[in-house]
Amino acid sequence: MSTITEPAAIDTDKLMSFVFRAVDEVGATLNAALVVMGDKLGYYRDLAAHGPTTPAQLAERTQTAEPYAREWLNAQAAGGYVTYDPQTKRYTLPAEHALAMTDPDSAAFLPGFFQIALGTVHDTGHIIEAARSGAGYGWHQHDTDVHVGCERFFRPSYHANLVDSWIPALDGVKEKLEAGALVADVGCGHGASTILLAQAFPNSTFVGSDYHAESIETARARAVEAGVENVRFEVASAQEFGGAPDGSGYDLVAMFDCLHDMGDPVGAARHVREVIADDGTWMIVEPMAGDRVEDNLNPVGRAYYGFSTLLCTPSSLSQDVGLALGTQAGPARIRDVTAAGGFTRFRSVAETPFNRVIEARP
């Protein structure tokens with residue numbers, strides 16, 4: 001005898017609350033594109049420099065069409081990014097917002113975050129097909145905004161924390177770098193972390209590597225622009241990057257926000273163990289995450305789970321093994337990877353709202 005399930009009673013207030021939350025979500029989705037637009041057209045920088053502004057003034061100073069400037073300003077005012085004075089009909093970018101939207105050296109700099117998000121969303125159609133087939137979608141296949149936005153998002157945090165906080169938190173590493181150490185920066189992308197370290201520790205030698213050839217080309221150009229000579233870059237995967245040129249082991253191997261993207265992170269860990277000195281250190285910087293799903297049900301976790309679904313997991317699945325750790329892997333899973341690679345010591349040494357810094361040693 002079949003059981004008839006009565007439909008759940010609908011709470012109209014809860015329903016409408018959810019509907020209006022969804023409206024807000026659509027506005028937020030569109031705003032990601034508007035932020036990138038404002039960043040690329042120089043709208044935020046202009047507002048920061050000139051104070052209260054009319055649409056006509058913004059358009060004239062940025063050499064853009066007034067209707068676009070007007071509607072962009074209204075959208076920013078509706079979202080609370082700028083303020084609007086109905087008496088003067090002028091729009092103002094608050095000083096705190098200006099710091100976050102215009103200063104690339106501020107740890108609070110946000111345009112890169114929006115840029116990588118927009119680039120990620122741009123390729124959603126490919127991810128839908130990959131989800132149906134179980135295939136992956138490689139980092140190198142994504143929109144350029146992903147690659148550029150990634151550097152612009154993470155570099156401010158590295159700039160604020162890497163040399164002053166993260167390196168000193170590692171046991172004895174700062175002293176080695178000051179004296180002269182050999183360092184591998186694996187998965188270096190555009191080389192932001194490699195160059196920052198090379199500038200801070202001129203007595204040490206740095207080798208940045210990434211499987212994405214176009215990123216390495218950019219990294220080499222950035223190194224020339226920065227005038228650093230104690231760094232070189234090579235195209236290589238995490239399982240194949242070169243060992244120490246003189247045959248000794250690396251004093252430090254660093255991986256910044258990339259281990260979870262790898263198809264074979266255990267294979268990468270084994271290779272790190274092969275090329276690191278017996279007293280060397282493997283510094284692993286990963287997105288901030290707890291070990292349980294419920295630990296990550298917060299705004300940062302929400303953003304990272306989104307990136308995990310659309311960017312990081314497809315990247316892993318596009319490679320051999322395809323372990324798909326996910327952006328919110330958590331320290332326990334990262335520890336398992338290091339242990340499988342032959343590392344016996346593991347500790348979390350520093351954290352920010354967006355990153356956790358891990359030290360692994362042989």
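A residue is called buried here when its relative accessible area is under 20%, and exposed when that value is over 50%, with partly exposed covering the range in between. The model is a predicted one, and the cut-offs above give a handy way into its backbone and side-chain details.

Two residues stand out for their backbone geometry. Asp-257 has a positive phi of about 50°, although this residue is not a glycine. The loop that holds Asp-257 runs between β6 (250–256) and α12 (265–275). With a relative accessible area of 8%, Asp-257 falls under the 20% cut-off and is therefore buried. Ala-324, likewise not a glycine, has a positive phi of about 55°. Its place is in the loop between α13 (299–317) and α14 (331–340). Here the relative accessibility is 23%, so Ala-324 counts as partly exposed.

Attention now turns to helix α2, which spans residues 43–50 and includes Tyr-44. Tyr-44 is buried, its relative accessible area being 1%. Once neighbours within four places in sequence are left aside, the contacts of Tyr-44 include Leu-34, Val-35, Gly-38 and Asp-39. Trp-72, Gln-76, Tyr-81, Leu-93, Met-101 and Thr-102 are also in contact with Tyr-44. For one of these partners, Gln-76, the side chain is joined to that of Tyr-44 by a polar contact of 2.5 Å. For another, Met-101, the separation along the chain is 57 residues, while the C-alpha atoms of Tyr-44 and Met-101 are separated by 6.5 Å.

Helix α2 also takes part in the charged pairs of the model, for which the count comes to 17 salt bridges. In one of them, the side chains of Arg-61 and Asp-46 meet with an N to O distance of 2.8 Å. Arg-61 lies in helix α3 (residues 55–62) and Asp-46 in helix α2, so this pair ties together parts that are 15 residues apart in sequence. The two partners can be set side by side by their accessibility: Arg-61 is partly exposed at 32%, whereas Asp-46 is buried at 7%. Salt bridges also link Asp-39, Arg-45 and Arg-152 in a network, and Asp-39 has already appeared among the contacts of Tyr-44.

Further along the chain, Glu-294 forms a salt bridge with Arg-292, and the closest N and O atoms are 3.8 Å apart. Arg-292 is partly exposed, with a relative accessible area of 49%. A salt bridge also forms between Arg-347 and Glu-359, with the closest N and O atoms 2.8 Å apart. Because Arg-347 lies in strand β8 (residues 345–351) and Glu-359 in strand β9 (residues 355–361), the pair ties together parts that are 12 residues apart in sequence. Arg-347 counts as partly exposed at 38% relative accessibility, while Glu-359 counts as buried at 5%.

The surroundings of Glu-359 in strand β9 deserve a closer look. Its side chain reaches the backbone nitrogen of Asp-171 at 2.8 Å. Not counting residues up to four places away in sequence, Glu-359 touches Leu-170 and Asp-171, together with Thr-281 and Trp-282. Arg-345, Phe-346, Arg-347 and Val-349 are also touched by Glu-359. Among these, Arg-347 is the salt-bridge partner of Glu-359, and Asp-171 supplies the backbone nitrogen that the Glu-359 side chain reaches.

Technical notes: Residues numbered from 1 in each chain as written. Predicted model: local features only at pLDDT ≥ 70, side-chain atom pairs only at ≥ 80, totals over all residues. Heavy atoms only, no water. Helix = DSSP H or I, 4+ residues; strand = E, 2+ residues; numbered from the N terminus. Buried < 20%, exposed > 50% of the residue type's maximum accessible area, 1.4 Å probe, protein only. Contact = heavy atoms within 4.5 Å. Polar contact = N/O pair within 3.5 Å; in protein donor to acceptor, adjacent residues only side chain to side chain. Salt bridge = Lys/Arg side-chain N within 4 Å of Asp/Glu carboxyl O.
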